[in-house]
Amino acid sequence: MKKNSFLLSLSPALFLFSLSLAADPDMLQDICVADLTSTATKLNGFACKPVAAANETDFSFLGLAKPGATNNTMGSLVTAANVEKVPGLNTLGISMSRIDYAPGGLNPPHTHPRATEMAFVLEGELEVGFITTANKLVTKTITKGEVFVFPRGLVHFQKNNGKVPASAIVAFNSQLPGTQSIAATLFASTPTVPDPVLTKAFQIGTKEVEKIKSRLAPKK
Ligand SMILES: *[C@@H]1O[C@H](CO)[C@@H](O)[C@H](O)[C@H]1NC(C)=O
Ligand SMILES: *[C@@H]1O[C@H](CO)[C@@H](O)[C@H](O)[C@H]1NC(C)=O
């Protein structure tokens with residue numbers, strides 16, 4: 001009995017703790033349009049513009065209307081509509097992106113530390129997947145009009161195996177989900193991750209590590 005009441009007394013604290021781990025925090029006012037130029041301390045997100053200075057421009061964006069250029073190494077381009085592009089999203093806990101894929105294009109394995117993602121296929125077909133922490137791959141080929149969910153923080157990818165371009169609109173439960181692209185994170189960071197870390201982790205030689213590093217180095 002004593003044990004139970006102790007656990008009960010603990011549960012509100014556990015509930016609050018779990019809330020504090022849940023995606024972006026809730027807002028405390030109607031709007032807090034980001035002042036992207038403010039040098040004020042960032043507490044969590046951006047400082048707010050005065051409400052009187054905010055208008056419809058802060059809440060709209062045409063950047064997702066047209067396909068982005070996919071003539072790059074991976075054959076894909078992510079165009080974000082996050083708080084950096086749509087200042088009105090500040091404190092609201094959501095954002096979107098458009099992703100375009102050339103035939104054969106890949107949005108390489110990556111994670112979003114702050115958001116679950118839900119993708120909607122606009123055009124074409126995509127082979128998509130995520131890997132759980134138990135190392136199970138959950139994968140499917142999704143077609144025009146289909147949605148797919150990538151749970152927060154899990155490594156995931158999308159690939160266009162079709163002969164025509166593909167595109168998707170993706171939603172996030174964060175104003176700024178953040179992206180860590182696994183290959184670039186490990187092989188193209190500044191300063192670089194030491195070779196011995198990578199040779200041991202990937203069970204390959206220094207030559208192979210150097211080769212990957214040179215291929216993924218940011219283009220000058
Ligand atoms: C909205 O505010 C911006 C400054 O943030 C200004 O440049 C723009 O002209 C305003 N738009 C309208 C319709 O008032
Ligand atoms: C991609 O195509 C655009 C438009 O055709 C061009 O301006 C740009 O230089 C190309 N980029 C690369 C990396 O080839």
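## A tour of the pockets, one helix and a few marked residues

Start by selecting V149 and showing what surrounds it: apart from neighbours within four places in sequence, V149 touches T116, E117, M118 and F130. This is a predicted model, so keep that in mind at each stop. V149 sits in strand β7, which runs over residues 147–150. Is V149 buried, exposed or partly exposed? Its relative accessible area is 39%, so V149 counts as partly exposed. Now add A119 to the selection and draw a distance between the C-alpha atoms: A119 and V149 are 30 residues apart in sequence, and 6.4 Å apart in space.

**The annotated residues**

Next, select N107, H112 and E117. An unreviewed UniProt entry annotates these three as "binding site". N107, H112 and E117 also belong to the lining of the largest pocket.

Zoom in on N107 to begin with. You will find N107 in strand β3, residues 106–111. With a relative accessibility of 8%, N107 falls under the 20% cut-off and so is buried. Show its surroundings, leaving out residues within four places in sequence, and you meet S76, V78, I99, Y101, F157 and Q158 as contacts of N107.

Then move to H112. Where does H112 lie? Look in the loop between β3 and β4, the latter being residues 117–123. H112 is buried too, because its relative accessible area is 5%. Beyond four places in sequence, the contacts of H112 are E117, R152, G153, H156, F172, P177, G178 and T179. Notice E117 in that list: it is one of the annotated residues, and E117 is also among the contacts of V149, where you started.

**The largest pocket**

Stay here and turn on a surface display. The largest pocket holds about 640 Å³. Its lining has 34 residues, and M74, N107, P108, S181 and A184 are the closest to the centre. Colour the secondary structure elements and pick out β1 (76–81), β2 (95–101), β3, β9 (166–172), α2 and α4; each of them gives at least two residues to this lining. Colouring by residue class shows 19 nonpolar, twelve polar and three charged residues around the largest pocket.

**The second largest pocket**

Which residues are closest to the centre of the second largest pocket? Select P25, N44, G45, F46 and Q175, which have that place among its 23 lining residues. The volume of the second largest pocket is about 430 Å³. Its lining divides into ten nonpolar, eight polar and five charged residues.

**A closed cavity**

Keep F46 selected and add D35, L36, S38, A40, T41, K42 and A47: together they line the largest cavity. There is one cavity of 30 Å³ or more, and the largest encloses about 40 Å³. Four nonpolar, two polar and two charged residues make up this lining.

**Helix α3**

For the last stop, select residues 195–202, helix α3, and highlight its buried residues D195, L198 and T199. Look down the helix axis: the buried residues of α3 fall within an arc of 100 degrees, so they line one face. Show α2 (182–187) and α4 (206–216) as well, since these are the helices that the buried residues of α3 pack against. Turn to the other side of α3 and you find P196, K200 and A201 exposed. Finish just past the helix at Q203, which follows α3 and has a positive phi, near 55 degrees.

Key:
Residues numbered from 1 in each chain as written. Chains lettered and ligands numbered in written order. Predicted model: local features only at pLDDT ≥ 70, side-chain atom pairs only at ≥ 80, totals over all residues. Heavy atoms only, no water. 1 Å grid on protein atoms, 1.4 Å probe; cavity = no way out; pocket = protein on both sides within 12 Å on 5 of 7 lines; lining within 4 Å. Points joined across faces, edges and corners; volume = space filled by probe spheres on them. Nonpolar A, V, L, I, M, F, W, Y, C, P; charged D, E, K, R; others polar. UniProt positions renumbered as here; feature names shortened; annotations may be inferred. Helix = DSSP H or I, 4+ residues; strand = E, 2+ residues; numbered from the N terminus. Buried < 20%, exposed > 50% of the residue type's maximum accessible area, 1.4 Å probe, protein only. Contact = heavy atoms within 4.5 Å. Arc of directions from axis to C-beta.
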